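This report looks at how a protein surface meets nucleic acid and at how two of its helices pack. Please consult the sequence and the structure shown here alongside the text.

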Amino acid sequence: MIQSPPGKTAVNHDRKSHIFDNLNAAQLEAVAASPGPLLILAGAGSGKTRVLTRRIAWLIDAQRVQPRAILAVTFTNKAAAEMRGRVEGLLNAPPGGMWLGTFHGLCHRLLRLHYAEANLPQAFEIIDSDDQFRLIRRVLRELELDEQRWAPREMQWLINSHKENARRPQDLPDGDHIAHTLRRVYHAYETFCRRLGLVDFAELLLRTLELFRNNQTVRETWQQRFQHVLVDEFQDTNAIQYQWLRILCDAHKNLFAVGDDDQSIYGWRGARVENILRFQKNFPDTRVIRLEQNYRSTAVILKAADAVIAHNAGRLGKKLWTDRSSGAPIRLYAAYNDFDEARFVVESIESWVARGNRRDSTAVLYRSNGQSRAFEKLLRAIKMPYRVYGGQRLFERAEIKDALAYLRLIANRDSDPAFARVVNLPARGIGPRTFEHVRERARQQQISLWRAATAMVDEYELPARASNALQRFLQLIDEMADATADLELGEVADHALTHSGLLEHFSRESSEIAEGRLENLQELVDEARNFKVSFADGDDEGAAPDALSQFLANAALDAGDTQAEEWEDCVQLMSLHAAKGLEFPLVFLTGMEDGLFPHQRSLDQPGSLEEERRLCYVGMTRAMSALYMTWAGERHMHGQTHPTRPSRFLREIPPQYIEEIRGTHISNVSIGGRGVSVRGGGFGGGRGVGVGGVHGGGAHGGAAIQRPAAHQPADGFGGLVPGRSVRHKKFGEGLVIALEGQGEHARVQVNFAAAGVKWLVCQYARLETL
DNA sequence: GACAGTCCTGTTTTT
DNA sequence: CAGGACTGTC
């Protein structure tokens, strides 16, 4: 890295021009706006991250603001890392002292510094949603509530939403039985957390907010320190996060908020788009700057997306525009079923790649993660490398959490969740009975499981065998702590893995799954080895936690990105939520069906349809040059095949932007056997919409969506359809991929489990349908 | 304590 | 259908 040389004036001049390079008028205005409340309404693809990072660089370099006076907040660790990298690039040096992170990460840091003022034990521990779920389940059991009636998941969700709105149990109405019970559960859960020194995600935020509210000294310290506060994805802030920002900026009002009301897609977890409107009320004289030039998509894509989002009421309103050319129309494919949809998508990707494009320039997007399976299956079949985003992350995997539990006990013996998790893993003769005794004692004396167990062993309260087993466990942890006291983090993890017996436990079974687990555990050791302590002594007032504690907190707060060979050129598969902030030359928006997208549950809840529409908008605006949208006439879900209807969002796209793609292989398919009920029935009762075309039977002309004909004379296929399982005398079992020709020329493409993909002439193939 | 069988439930997801 | 949670048996 280049150190900043003396003679700053000249350098600053250079850098300044660097900071202003390639900015349009609105971006420039935002970057160099005078201090005060600023609301940047940044449409999709309008260079929002660029503005944010340049603003920080401008403050530091041109305005001579001390980095330590800057606080920048993002929503994900990934976004934080990216922003840090880009700011460093602009400044040619890391901005020492600047705080940049997620709301949760920053609150965690504040609570570590002010644990006493926040009424927390010094060794307080962050629990993730899985730990929280287990804890709530335990609370329900202790309260002797029926888990059928009071579903732990539901309770967890309710408690979290109350916390997200800054409501403590005592703030809840104590009305009917249901309200009363929830209050009791919430209260008991809080008691548990307090006693055990546990802090869940929502608590990190709420506790910090309360700390600011109740403690003038702490509040003023940070208000004075952070003279400039910047927030990314402002539309995704919840009630607490907004209050928190308001307090921090109360004196100077230097809040730089960047957001897009049209891209608010996290309302279901407490985000409040209204914060954008509230902002202008709460901060009088807010300067609003709109970034409306889109640098990402073709004009057609942009106009189509704009037409969809225009159906939402109560928008702030933006006019996104581009100087790019129209580009290709949006391609719409009405698939016969979900298998055919996947076939179409995969074949389209194949030919895109065959034309010399990179695989990672294309993304397949879907509403829910389960939809990825059909695509994965086909991609695997043709050996096209792909990568699925989302799903379980490293630190959420069971075996990783087991290993982490040992580390947590080393760091803090009083961690009940960790104790409960591994006291008998691997099995060491401490069964449910013994464990219940320990738990009972802990409950009675209001002490941790560790202390209860120690006391019981000391007082010979248990049968000899159980007592010995328990003592061995306690000893094991103590020994591990002793042995690792002076080791590097990676070696601590390694030691814990070996000496806990976990490694042996998982190597005993020899399946693919077990192998994967061992790999994951190895990866945990690597993570520990590479872990960089993020805040150290002297950084701020107060002592920094040791490396192990920081690593554990990090494991909870940053679940670890889906690890995969990122260097490989892969087709990208992800949910629409996961796609936010990304862009791809070629995008497939799949499963465009009412009931799936928009999701059924959003159709039942008022208001949530608009969020689905924003999700659609987010999806469409990911595409740079080509956008395909697909839907399937029938879809396999929960073990059944359902007829479906095209998504209402498709009808909201003006037909002139759409080009319908007719099935190339399947236009002559006869649908034998059970037949396909294309019309009527299905989700939510058939009202209004003819399935023949999303635009009401093609009234607009041009863009009618034809379904594959439902009734055809004998054509030589004998009832074969894509997706059907067949058996061949020689090749064995396989799946029909495609059909072409007719009569005696009818040919069928089959993917055989053993023999691979083959074209066969139906007349001779003698396929047996299964 | 391991394993097989049953029941049940199926959004989105970060922290 | 399929995966997870849970129950019951040896």
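## The surface near the DNA

In this predicted model, the surface near DNA strand B is made up of 13 polar, six charged and four nonpolar residues. There are 23 residues around the strand, and those that come nearest to DNA strand B are His-104, Arg-367, Asn-369, Arg-393 and Ser-575. On the side of the nucleic acid, 52% of the atoms of DNA strand B that come within 4 Å of the protein belong to sugar and phosphate.

## Polar contacts to phosphate and base

Two asparagine side chains approach the phosphates of DNA strand B: an N or O atom in the side chain of Asn-369 is 2.6 Å from a phosphate oxygen, while for Asn-424 the corresponding distance from a side-chain N or O atom to a phosphate oxygen is 3.3 Å. Arg-269, by contrast, is placed toward a base, with a polar side-chain atom that lies 3.1 Å from a base oxygen of DNA strand B.

## Packing of H5 and H11

His-104, one of the residues that come nearest to DNA strand B, also belongs to the contact between two helices, in which Phe-103, His-104, Leu-106, Cys-107 and Leu-110 of H5 meet Gln-241, Trp-244 and Leu-245 of H11. Six of the residues in this contact of H5 with H11 are nonpolar and two are polar, and none is charged.

The axes of helix H5, residues 103-113, and helix H11, residues 239-248, come within 12 Å and cross at roughly 60 degrees, which makes H5 oblique to H11. The crossing of H5 and H11 is left-handed.

Definitions and conventions. Residues are numbered from 1 along each chain as its sequence is written. Chains are lettered from A and ligands numbered from 1 in the order in which they are written. This is a predicted model: local features need pLDDT of at least 70, side-chain atom pairs count only at pLDDT 80 or more; totals for chains, interfaces and linings use all residues. Side-chain values use heavy atoms; hydrogens and water are left out. Axes are lines fitted to C-alpha atoms, for helices over the stretch in contact, and angles run from 0 to 180 degrees between N-to-C directions. Helices (H or I, at least four residues) and strands (E, at least two) are DSSP runs, numbered from the N terminus. Angles under 35 degrees count as roughly parallel, over 145 as roughly antiparallel, 65 to 115 as roughly perpendicular and the rest as oblique. A crossing is left-handed if the near helix is turned anticlockwise from the far one by less than a right angle, and right-handed if clockwise. Contact means heavy atoms within 4.5 Å. Ala, Val, Leu, Ile, Met, Phe, Trp, Tyr, Cys and Pro count as nonpolar, Asp, Glu, Lys and Arg as charged, and the others, Gly among them, as polar. A residue is near a molecule or strand if one of its heavy atoms lies within 4 Å of it. A polar contact is a pair of N or O atoms within 3.5 Å; within protein, one must be able to donate a hydrogen and the other to accept it, and residues adjacent in sequence count only if both atoms are side-chain atoms.
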